[in-house]
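Subject: Structure handover

Hello,

The structure you asked for is below. My notes on what was found in it follow.

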Amino acid sequence: MILVGRTGTDDIVIRGARVLDPTEGIDAIMDVRVDAGTISQLGPGLDANGHRVVDGDGLVLAPAFIDPHVHLRTPGREDEETLASGTAAAAAGGYCAVLAIPNTEPVVDSTDLLRGLRARAVEESNVPIGFMAAISVGQLGVQLTDMGELADAGAAAFTDDGRPVATAGLMRRALEYNAITGRPLALHCEEPTLTRGGHMHMGAVSAELGLGGWPSLGESLCVARELSLGGDTGQHVHLMHLSAHESVELLRRAQEAGVLASAEVTPHHLALTDEAVRTLDSNFKMNPPVRTEVDRLALIDALRDGTVAAIATDHAPHSREEKDVPFEAAPFGVTGLETAFGALYTALVEPGVLALETLLERMSAGPARIFGLERPRIAVGSPANLVLLSTTATWRVREDRFRSLSANSWLLGQRLQGKVALTVAAGRIAYEA
Ligand SMILES: [Zn+2]
Ligand SMILES: [Zn+2]
């Protein structure tokens with residue numbers, strides 16, 4: 001079992017929503033009935049039979065989302081996020097499951113730590129969590145973790161995220177273990193000798209602002225390495241938070257050549273360019289940085305055609321003291337769980353750039369497929385993992401409304417169209433607006 005957390009046996013009837021499950025080929029106005037946490041009936045005019053009735057009139061009911069890239073900051077920085085607060089934020093964002101990144105304090109590199117977190121998740125989480133483990137001990141890039149034992153103890157995947165896998169040799173050995181564990185390697189692609197001292201995309205805007213640049217090549221060079229090693233070993237490589245059009249081109253060519261490569265993209269890389277950094281607001285400082293309009297459009301194209309099959313928030317909570325400093329002194333990272341759907345509906349779907357069906361697929365079935373998780377689906381007999389969405393409601397992103405313990409959102413003060421009304425995760429109502 002990869003995902004661990006609270007499950008439920010709620011009895012619910014959701015009435016009259018537009019039920020939209022692109023992968024199942026469902027798009028119809030009907031009722032969905034959940035008995036004891038399992039979808040039991042689809043159709044018009046279902047008998048409520050004493051169940052809790054939710055009015056879905058004018059709303060879209062879809063498979064709930066899965067976020068494959070979330071920093072829950074536990075253990076070590078529970079002032080910034082806990083398993084409870086991070087998964088409450090996830091539920092508010094329409095997610096029925098998240099995968100947690102192991103760059104905590106200490107790093108999740110031992111079975112003891114992994115087992116402890118999994119036990120806590122059963123008690124504390126609002127939606128199920130899959131915990132990733134580190135590729136290298138302490139994420140120091142020297143010695144591989146005991147990947148076989150960690151996989152047996154339930155590691156969802158392996159990553160040294162926060163930093164790249166230090167060397168090609170270590171990466172190659174990790175891929176060889178991958179053949180045994182069957183769990184994916186999730187890769188933060190960065191060539192540190194090119195990105196040192198970089199605070200934003202290296203280009204015209206960084207030159208004008210006089211800020212150190214983090215060049216596209218800092219990512220694409222490492223992407224090329226990982227794709228080459230993936231191709232050579234015949235193993236799956238998953239590229240995290242792609243940002244540069246050069247990386248997208250390399251991925252597309254590798255996939256065409258038969259390399260088992262997948263990728264994710266974040267809402268901020270899909271919605272923003274480096275022009276946003278002119279504000280010098282540290283909530284626009286992320287790693288990798290947001291880049292140019294050419295890059296943004298390449299990422300959208302890749303998402304549309306499936307080259308990039310998943311949207312991940314890279315939710316990275318930071319305390320106010322850490323972020324409330326000059327741009328160059330601030331840490332990288334922004335939150336994203338509670339705003340992902342609204343941000344992407346507003347930036348891409350409402351203006352007609354991306355179909356709603358594609359957005360829903362890339363937030364749910366896409367990440368499930370990449371990480372070998374059960375796909376949330378609207379089908380009789382499936383566990384209820386559902387999200388009820390308004391595509392017309394607008395709301396303002398406000399610091400005091402976050403479930404997350406941190407508020408370092410790039411959307412503070414902005415008005416978004418697209419809002420989560422209800423989330424059912426693992427058979428349990430996990431969020432209601
Ligand atoms: Zn990263
Ligand atoms: Zn990350």
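Along the chain, the donors of the zinc ion (ligand 1) follow the spacing D-x26-H-x52-H. They are Asp 161 (OD), His 188 (ND1) and His 241 (NE2), lying 2.0 to 2.1 Å from the ion. Donors here are N, O and S atoms within 2.8 Å of the metal (3.2 Å for Na, K and Ca); water is not among the atoms, so sites may look incomplete.

This is a predicted model: local features need pLDDT of at least 70, side-chain atom pairs count only at pLDDT 80 or more, and totals for chains, interfaces and linings use all residues. Residues are numbered from 1 along each chain as its sequence is written, chains are lettered from A and ligands numbered from 1 in the order in which they are written, and side-chain values use heavy atoms, with hydrogens and water left out.

Asp 161 bridges the zinc ion (ligand 1) and the zinc ion (ligand 2), which lie 3.6 Å apart. His 188 sits in the loop between strand 11 (185-187) and helix 5 (192-195), and His 241 in the loop between strand 14 (237-239) and helix 8 (245-256), 53 residues apart. Helices (H or I, at least four residues) and strands (E, at least two) are DSSP runs, numbered from the N terminus. Both His 188 and His 241 are buried, where buried means under 20% relative accessible area, exposed over 50% and partly exposed in between (1.4 Å probe, protein chains only).

The second site: the zinc ion (ligand 2) has the protein donors His 69 (NE2), His 71 (NE2), Asp 161 (OD) and Asp 314 (OD), at 2.1 to 2.3 Å. Their spacing in sequence is H-x1-H-x89-D-x152-D. His 69, in strand 7 (residues 65-70), and Asp 314, in the loop between strand 16 (310-311) and helix 11 (320-323), are 245 residues apart. His 69 counts as buried because its relative accessibility is 0%; Asp 314 is buried at 10%.

Then helix 8. Its buried residues are Ser 247, Val 248, Leu 251, Arg 252 and Ala 254. Seen down the helix axis, they fall within an arc of 165° and so line one face; the arc is that of the directions from the helix axis to the C-beta atoms. The face turned away from the buried side carries the exposed residues Arg 253 and Glu 256. Just after helix 8, Gly 258 takes a positive phi of about 95°.

Regards
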